[in-house]
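Open the model in your viewer and keep the selection panel at hand. Each stop below gives a selection and says what is there.

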Amino acid sequence: MSRTSPHEIVERALELSTADGCVVIADEQSTANLRWAGNALTTNGVTRGRTLTVIATVDGKDGTASGVVSRSAVTAEDLEPLVRAAEAAARGAGPAEDARPLVTGTPASPDFTEAPAETSSAVFADFAPALGEAFARARAGGRELYGFANHELVSTYVGTSTGLRLRHDQPNGTLELNAKSPDRQRSAWAGRSTRDFKDVDPTVLDAELAVRLGWAERKIDLPAGRYETLLPPTAVADLLIYQMWSAAARDAVEGRTVFSKPGGGTRLGEKLSRLPLTLRSDPAAPGLESAPFVIAHSSGDDASVFDNGLPVPATEWIREGELARLTTTRHSAAMTGMPVAPGFGNLILDGGGDRSLEEMVASTERGLLLTCLWYIREVDPATLLLTGLTRDGVYLVENGQVVGEVNNFRFNESPVDLLSRASEAGRTEQTLPREWSDWFTRAAMPALRIPDFNMSSVSKGV
C-alpha cells in the first residue's frame, strides 16, 4: 500500500463505496527535524506517514447522515474494511445537522495524479552550517543555545463521488531558539516560521538573543498593575488566532460569544478599533500560502465534512477596524443568513503602520516590552477574557531605552478589548505564534502598543 500512489488509493476507495455519497482524503506527510542543546546538535530525523479519511453519506427519509473514519498506515487489505466502517457509521447515525449536497464544480487540480511532495534533511542544507556558526558565536559569547527546527510537508488529495479531484501541498517550517546564561538565570527566546528554511538565519537570531540576555543582567522587580506594553508580533498572533477560533457565526447568533450583540444578533458592522486595523486571510498570500479549498476531516462549529472541496476565497474578518465577517460553513451560513466564509488557513493583521518594534521602543517613555505569551486559557467566552503568562523576558523601557529585565506576570485580557485600546500598530511582518505553533504557523502581524495592559499578578516563572 505504501507503494500505491495517493490518487490511486483515493480512486479505489471511491470505487469501493456503496454509500449515497463519499469523500476520501489522503494525507501524505513527511517531516525532517533538528534538535540541539548546549550549543551542540543532539538529534535529527526524518519521518514519513499516510492517513486516510473516508466520509460516507447516506440519505434517509429524515435527512442525510454522515460517517467519518480515519486511519493511519492503511494497507491494501485494510482499505475495504475502512470504507465499510465509514458506511456503517453513517447508517448507524442520525441525520447530520450540517448536511448539504456534496460540493461540485471546483476545477480539478492538474497535479492530482502526480507523486506527493516530500521533505528531507536536504531542507537544512544552508541552515545547518549557519546553525553551527551560531553555536560558535554563542560559545565565544558565554551563552548556550537550545532549540529545534522542524519542517513538515503534507500533500493532501481529496476525491469525491461528485467528481472532485483536488490536491494541495502544504509546507510548514518552524524554528525555535532559546539562549540561556550558563547559570540558567537568564533566558531569551526567538522563533520564526518558514516554508523552506531559506529565509531564516540562526546567526541573526543568536545576535538578537545576545542583546536580550544583556538586558537581563539588571533585574528589576515590578508589582502587578496596568502598564503601557509593547506586544511583539508573536504575542499579537497568539491572541488573534484564539479570537478567530472563537468567531463562529452560529455561536455569535446564539448569544454565546464575544461577537454576540446584547439583546440578540451579532456585532457585525461594529467598530472594534479606533486604528485602521484589517484582519484578513488569503490562501494566496506570499509566504503564507494555504489550501485554496476546504479540507475538513470532521465537522464542528466552523467546519463541515460536506464542504470538502469548497473554494476558500480571500476574506477580511475585520475591515478598517470594523467587524466584517464571522466564520461559516454552508450550513451555518444558511442558518444565520450570512455569506459563506470558510475557516482560515492563515491570518494577517494590517494596521497601516511602518515602524519596527525597535522604533516603537525608541519612542516609549516608560513601558514594558514582552517577548512572548504562553499557557493561554479562556476565562469567559462572553467577553473572550483570556489569561496566560509572559515568558523568556519582560523588559522595562524608559526614555526609549531598555533598562533591565523585570519579573514575569500573569495577564488577564480580551483580544477584542485590546484591539479597542491599541494606540499604535507597527509594521506587519511574518511571525511564529509561540503558543499555537503546533496547530497554526502561518501569520503576519504588527507589534501593538497597549496603553494599559493588565498584568494581574506576578509570576515566578522564567
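The tour goes from the annotated region to a sheet, then to strand pairs, an aromatic pair, pockets and cavities. Keep in mind throughout that this is a predicted model.

**Stop 1: the annotated region**

Select residues 225-456. UniProt, in an unreviewed entry, places the feature "domain: Metalloprotease TldD/E C-terminal" there. Color this stretch by secondary structure. Helix makes up 16% of the region and strand 34%. Now pick the C-alpha atoms at its two ends: they are 6 Å apart.

**Stop 2: an open sheet**

Show the six strands in the order β11-β10-β9-β12-β19-β18. They form an open sheet with mixed pairing. Which strands are at the edges? They are β11 (322-323) and β18, each of which pairs on one side only.

Start at the β11 edge. Strand β10 (residues 315-319) pairs with β11 in the antiparallel sense, over 2 bridges. Show side chains here: Ile 318 stands opposite Leu 323 in β11.

Move to β12, residues 347-350. Strand β9 (residues 278-281) pairs with β12 over 3 bridges, and the sense is antiparallel. With strand β19 (residues 443-445), β12 pairs in the parallel sense over 2 bridges.

Center on Ile 348. Arg 280 stands opposite Ile 348. In β19, the bridge partner of Ile 348 is Ala 444.

**Stop 3: β16 and its partners**

Select strand β16, residues 408-413. Strand β14 (residues 385-398) pairs with β16 in the antiparallel sense over 4 bridges. Leu 389 has Arg 410 in β16 as its bridge partner.

Next, add strand β20, residues 448-459. β16 and β20 run antiparallel and are joined by 4 bridges. Phe 409 is opposite Val 458 in β20.

**Stop 4: an aromatic pair**

The structure holds 16 aromatic pairs. Select Tyr 242 and Trp 436 as one example. Their ring centres are 5.9 Å apart and their planes meet at 35 degrees, so the pair is tilted. What does this pair tie together? Tyr 242 lies in helix α5 and Trp 436 in the loop between β18 and β19, so the contact ties together parts that are 194 residues apart in sequence.

**Stop 5: the largest pocket**

Turn on a surface. The largest pocket has about 1500 Å³ of space. Its lining has 47 residues, and the closest to the pocket centre are Ile 295, Phe 344, Gly 345, Trp 439 and Arg 442. Select those five to find the place.

Then widen the selection to the lining. β1 (21-37), β4 (144-160) and β5 each supply at least two residues of the lining. Domain 1 (6-213) and domain 2 (218-461) each give at least three. By class, the lining has 17 nonpolar, 21 polar and 9 charged residues.

**Stop 6: the second largest pocket**

Select Glu 208, Arg 212, Leu 357, Glu 358 and Glu 429. They lie nearest the centre of the second largest pocket, which is lined by 26 residues. About 600 Å³ of space lies here.

Several elements each supply at least two lining residues, among them α4 (202-215), α5 (233-245), α8 (357-362) and β13 (366-380). The classes are 12 nonpolar, 8 polar and 6 charged. Why is this pocket placed between the two domains? Domain 1 and domain 2 both give residues to the lining, so the pocket lies between them.

**Stop 7: the largest cavity**

Clip the surface to see inside. The structure holds 5 cavities of 30 Å³ or more. The largest has a volume of about 60 Å³.

Select its lining: Pro 171, Asn 172, Gly 173, Ser 193, Thr 194, Arg 195, Gly 287, Leu 288, Gln 430, Thr 441 and Arg 442. Arg 442 should be familiar from the largest pocket, where it is among the residues closest to the centre.

β5 (165-180) and β6 (187-194) each supply at least two of the lining residues. The largest share, 3 residues, comes from β5. By class, the lining has 2 nonpolar, 7 polar and 2 charged residues. Color the two domains to finish. Both give residues to this lining, so the largest cavity lies between them.

Definitions and conventions:
Residues are numbered from 1 along each chain as its sequence is written. This is a predicted model: local features need pLDDT of at least 70, side-chain atom pairs count only at pLDDT 80 or more; totals for chains, interfaces and linings use all residues. Side-chain values use heavy atoms; hydrogens and water are left out. On a 1 Å grid over the protein atoms alone, a cavity is a set of points where a 1.4 Å probe fits but cannot get out, and a pocket is an open set with protein on both sides within 12 Å along at least five of seven lines; lining residues have an atom within 4 Å of a point. Grid points are joined across faces, edges and corners, and a volume is the space filled by probe spheres set on the points. Ala, Val, Leu, Ile, Met, Phe, Trp, Tyr, Cys and Pro count as nonpolar, Asp, Glu, Lys and Arg as charged, and the others, Gly among them, as polar. Domain bounds come from an automatic or database domain assignment. UniProt positions are given in the numbering used here, feature names are shortened, and annotations may be inferred rather than shown by experiment. Two strands pair if DSSP finds at least two bridges between them. Rings of Phe, Tyr and Trp (its six-membered ring) pair if their centres lie within 6.5 Å; planes under 30 degrees apart count as stacked, over 60 as edge-to-face and the rest as tilted.
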